[in-house]
Amino acid sequence: MALSDIKDCRYGAKSPQTNLVKASNYGYDRLSVLTAIATTMSSSKPIAGPHSDHCVKGVKHTGEPVGKTLEFGGLSTYVSEPKSGEAKGIILFFPDAFGPFFINNQLLQDYFAENGFLVLGVDYFFGDGIHKHPEADFDIKTWIEAARSRADAEIPAWIRAVREHYGTNKKYAAIGYWFGATYALDMAGTDQVVAAGFSHPGPLTEGQFRKVKKTDDAFPPAFRHRAEAILQEIGATYHLRLFSGVAPGFTTRGDPEVENSRWAKEEAAATAASFLRRFT
């Protein structure tokens, strides 16, 4: 699988597709921005489809990232700060397989920072993003399995280090894209964040949705309806937003030269930023 489908293109300002969930009957507010498709291996029933080659296609954006690099828990982290004033909250950014230092993800993190957040993007790939593998015989399944194992092992220490550095009394939110979606959803089941969200997920389970405290081929209507049923069952308040005519990964790698793709990407990012602001 080669990454020749990633082409250069001008960056189109903002960015994502969004389902919003807020849980309020567990003693504190919690939400999930559930954006299009999801997955993480578990013993419970899958509720989104597996990764595919479509998950690594898209358009490479151009722009000038403004963040810096720091290290927390032994992991390099892209840090983007609001231009002025105190941050509304801290977003833990769990990137797709391209990593937090891929230009598209840097610009997306900068967008959230422009909306008043301190954004921390974790590099659980240790610099080995999927775009570093253009070889035609690249085995995406093997790469994902190895990357998932490393990330699972390192993320807890990264979260602890971040909270120790910035303080446990701050309002944290989590957002994850594709590979990182599972970590954002997992955090929605803890008391460490006031809000969480994901976009273009890839594999989530019923068990993960059940832990939330109060389209594309990988998240077809039947799975989406099942996810909604679970959220209703646990008493969550949620908002669902869908975008038509877009490809997997449009929230981070959509083509800004295609009007519908650009509009959907920008609307989804604006929706996520607006929703997170309500809880931070």
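## Strand β7 and its neighbours

Which residues of β7 lie on one side and which on the other, and are they buried or exposed? In this predicted model, Ile90, Leu92 and Phe94 sit on one side of β7, Ile91 and Phe93 sit on the other, and all of them are buried. That fits the count for the strand, where 5 of its 5 residues are buried. The split between sides follows a familiar pattern: in a regular strand the side chains alternate between the two faces of the sheet.

β7 pairs with β8 in the parallel sense, over 4 bridges. One place to look at this pairing is Ile91, whose bridge partner in β8 is Val119.

## Strand β8, between two partners

What about β8 itself? Since 5 of the 5 residues of β8 are buried, this strand is largely enclosed by the rest of the structure. Leu118, Leu120 and Val122 point one way, while Val119 and Gly121 point the other way, and all are buried.

β8 also pairs with β6, this time antiparallel and with 4 bridges joining the two. Thr77 belongs to strand β6 and stands opposite Val122 in β8. With a relative accessible area of 0%, Thr77 counts as buried, because the cut-off for that label is under 20%. If you would like a distance to check in your viewer, the C-alpha atoms of Thr77 and Gly67 are 9.9 Å apart, for residues 10 apart in sequence.

## Two nonpolar cores

In soluble globular proteins, nonpolar side chains tend to be buried together. Here the largest nonpolar core holds 48 residues, and those touching the most other members are Leu92, Phe94, Leu120, Tyr124, Trp158 and Tyr166. At least two residues of this core come from each of β6 (75–80), β7 (90–94), β8 (118–122), α2 (140–166), β9 (172–177), α3 (181–187), β10 (195–199) and α5. The largest share, 11 residues, is supplied by α2. Apart from this core lies another, of 19 residues, with Leu108, Val119, Ala173 and Ala272 among them.

Two residues from the strands above are worth picking out here. Leu120 is among the members of the largest core that touch the most others, whereas Val119 is a member of the other core. On β8, Leu120 points one way and Val119 the other way.

## Aromatic rings

How many aromatic pairs does the structure hold? There are 14 of them. Ring pairs link Phe94, Tyr124, Phe125, Phe138, Trp143, Trp158, Phe179 and Tyr183 into a cluster. Phe94, Tyr124 and Trp158 appear again among the residues with the most contacts in the largest core.

Phe179 has a further contact: the charged end of Arg148 sits over its ring, 3.9 Å from the centre.

## Helices α1 and α5

Both helices pass a simple length check. Helix α1 (residues 103–114) has 12 residues and should span 16 Å at 1.5 Å a residue, which agrees with the 16 Å between its end C-alpha atoms. Because 11 of the 12 residues of α1 are buried, the helix is largely enclosed by the rest of the structure. The buried set includes Ile103, Asn104, Gln106, Asp110 and Tyr111. Just after α1, Gly116 takes a positive phi of about 100°.

Helix α5 (residues 221–233) has 13 residues, and its expected span of 18 Å agrees with the 18 Å between its end C-alpha atoms. Its buried residues include Arg224, Ala227, Glu228, Ile230 and Leu231. These cover an arc of only 160° around the axis, which means that they lie on the same side of α5. On the other side, Ala222, Gln232 and Glu233 are exposed. α5 is followed by Gly235, whose phi is positive, near 85°.

## Positive phi outside glycine

Which way do the accessibilities go for Phe126 and Trp178? Phe126, in the loop between β8 and α2, has a positive phi of about 55° although it is not a glycine. At 44% relative accessibility, Phe126 counts as partly exposed.

Trp178, in the loop between β9 and α3, is also a residue other than glycine with a positive phi, near 45°. At 1% relative accessibility, Trp178 counts as buried.

Definitions and conventions
Residues are numbered from 1 along each chain as its sequence is written. This is a predicted model: local features need pLDDT of at least 70, side-chain atom pairs count only at pLDDT 80 or more; totals for chains, interfaces and linings use all residues. Side-chain values use heavy atoms; hydrogens and water are left out. Rings of Phe, Tyr and Trp (its six-membered ring) pair if their centres lie within 6.5 Å; planes under 30 degrees apart count as stacked, over 60 as edge-to-face and the rest as tilted. A charge sits over a ring if NZ of Lys or CZ of Arg is within 6 Å of the ring centre and within 35 degrees of the ring normal. The expected span of a helix is 1.5 Å times one less than its number of residues. Buried means under 20% relative accessible area, exposed over 50%, partly exposed in between (1.4 Å probe, protein chains only). The arc is that of the directions from the helix axis to the C-beta atoms. A nonpolar core is a set of buried Ala, Val, Leu, Ile, Met, Phe, Trp, Tyr and Cys residues joined through side-chain atoms within 4.5 Å. Two strands pair if DSSP finds at least two bridges between them.
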